[in-house]
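Good morning, and thank you for the time on the agenda. Please have the sequence and the structure open in front of you while I speak.

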Amino acid sequence: MNDLKQKLIKSEKFGSGKSKFTFVVGLHGDEAAPVIAASELKKIIGKSDLRGSFQIVYANTQAIKEKKRFIEFDLNRCFPGRENGKFLEEKIAFQLVRDLKSSQFTFDFHATDFSVTPYALISVFNKQIEKILEQIGIRNALFSSEESLIKYVANGVAIEVGQKDSIEAVEACLKIMLQVVNLFGICDKPLLLQEKKVRTFLIYRFLSKKGLVLDAAISDFKYVKKGQRIGWISGDTVVATEGFYPVWVNFQERLLFSKRIKIYDED
Ligand SMILES: [Zn+2]
């Protein structure tokens with residue numbers, strides 16, 4: 001059993017004592033930027049004295065090796081997984097949930113097919129998460145209802161760091177990782193923590209991008225006013241019928257509309 005586990009998931013612990021948080025990389029094996037950033041992080045902190053500890057989990061080692069999103073089934077659609085599941089990824093999902101049970105914070109790093117400014121995907125939102133996102137410089141957090149890893153761990157946050165193999169994404173990811181390491185007091189690397197108020201969003205509809213030429217002014221999480229030009233379809237102007245925040249403007253198929261939301265906790 002342990003042998004099998006070694007093959008499916010790889011984890012590395014840094015420092016001593018109980019892990020304060022976990023970085024998950026390679027949940028999608030073709031998203032190289034976070035995996036590369038993790039190895040850069042190791043080089044940087046390897047020379048420092050660490051206070052406390054954290055772990056890096058390489059979620060789908062086989063897929064990372066083969067540079068594929070997944071081997072048999074999209075891992076992020078397999079949670080909570082099954083111990084004796086039919087697909088390899090169902091077994092990985094099951095083990096991940098079990099292995100991350102004691103992790104109090106999990107940062108699950110992803111990269112996209114198209115360029116994006118780093119943003120967070122959240123399924124829980126509380127004062128701690130709000131503060132962390134603000135202090136690591138993540139400005140925008142998108143609420144997600146998908147059955148993904150972040151729903152099955154405590155304080156799970158997924159972070160999209162940028163376009164898959166781009167150097168910008170590696171740099172953005174490394175910077176975020178260093179900010180987290182710094183924030184949790186693991187080591188003192190001279191970093192500029194820029195607190196920005198985090199904004200939360202919910203996607204509520206989309207527009208097909210078939211034939212749509214987007215106006216250059218449309219960009220991720222930048223408010224589009226009612227009546228503002230979104231773009232053109234066969235020369236005809238398409239105008240916003242209501243105010244919204246666009247998401248994934250560089251995605252080929254759809255333009256996603258989101259609204260800013262405020263989350264109220266009753267307790
Ligand atoms: Zn991904």
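Helix H2, residues 32-45, is where I shall begin; this is a predicted model, and in it the 14 residues of H2 reach 20 Å from the first C-alpha to the last. That is close to the 20 Å expected at 1.5 Å a residue.

Which residues of H2 are buried? They are Ala33, Pro34, Val35, Ala37, Ala38 and Leu41. These buried residues pack against strands S2, S3, S4 and S7, and against helices H3, residues 61-66, and H6.

That brings us to helix H6, residues 167-183. Its 17 residues should span 24 Å at 1.5 Å a residue, and the end C-alpha atoms are indeed 24 Å apart, so the two values agree. The buried residues in H6 include Ala169, Val170, Ala172, Cys173 and Leu174, and further along Ile176, Met177, Leu178, Gln179, Val180 and Val181. Among the elements that cover them are H2 and helix H5, residues 127-135, together with S2, S3, S4 and S7. H6 lies across four strands, namely S2 (19-25), S3 (53-58), S4 (106-112) and S7 (156-163). With respect to S7, the helix runs at about 150°. Just after H6, Gly185 takes a positive phi of about 70°.

Let me turn to the sheet. In an open sheet of 10 strands, the order is S1-S3-S2-S4-S7-S5-S6-S8-S13-S12, and the pairing is mixed. The edges are strand S1, residues 10-14, and strand S12, residues 245-247, each of which pairs on one side only. From one strand to the next, the twist averages 30°.

One pair in this sheet may serve as an example. Strand S5, residues 119-122, pairs with strand S6, residues 140-143, in the parallel sense over 3 bridges. Ile122 has Phe143 in S6 as its bridge partner.

Further along the chain, I would draw your attention to Arg254, which lies in strand S13, residues 254-260. Is Arg254 buried or partly exposed? Arg254 has 15 other C-beta atoms within 10 Å, and therefore counts as partly exposed; a buried residue would need 20 or more. Leaving aside residues up to four places away in sequence, Arg254 touches Phe206, Leu207, Ser208 and Lys209. Arg205 is 49 residues from Arg254 in sequence, while their C-alpha atoms are 9.8 Å apart in space.

Now to the domains. The domain assignment gives domain 1 as residues 2-183 and domain 2 as residues 203-260. Their C-alpha centres lie 30 Å apart. To the contact between them, domain 1 contributes 6 residues and domain 2 contributes 8 residues.

I shall close with the protein as a whole. It has 6 helices and 13 strands, and 37% of its 267 residues count as buried. Among contacts between residues at least 6 apart in sequence, 69% join residues at least 24 apart. The C-alpha trace spans about 60 × 45 × 40 Å along its principal axes. How does the radius of gyration stand against that of a compact globule, and what are the two values? For 267 residues, a compact globule would have a radius of gyration near 18 Å; the protein has 19 Å, so the two agree.

Conventions. Residues are numbered from 1 along each chain as its sequence is written. This is a predicted model: local features need pLDDT of at least 70, side-chain atom pairs count only at pLDDT 80 or more; totals for chains, interfaces and linings use all residues. Helices (H or I, at least four residues) and strands (E, at least two) are DSSP runs, numbered from the N terminus. The radius of gyration is taken over C-alpha atoms; the globule rule is 2.2 Å times the number of residues to the power 0.38. A residue is buried if 20 or more other C-beta atoms lie within 10 Å of its own, exposed if 12 or fewer, and partly exposed in between; C-beta atoms are placed from the backbone. Two residues are in contact if their C-beta atoms, placed from the backbone, lie within 7 Å. Two strands pair if DSSP finds at least two bridges between them. Axes are lines fitted to C-alpha atoms, for helices over the stretch in contact, and angles run from 0 to 180 degrees between N-to-C directions. The expected span of a helix is 1.5 Å times one less than its number of residues. Domain bounds come from an automatic or database domain assignment.
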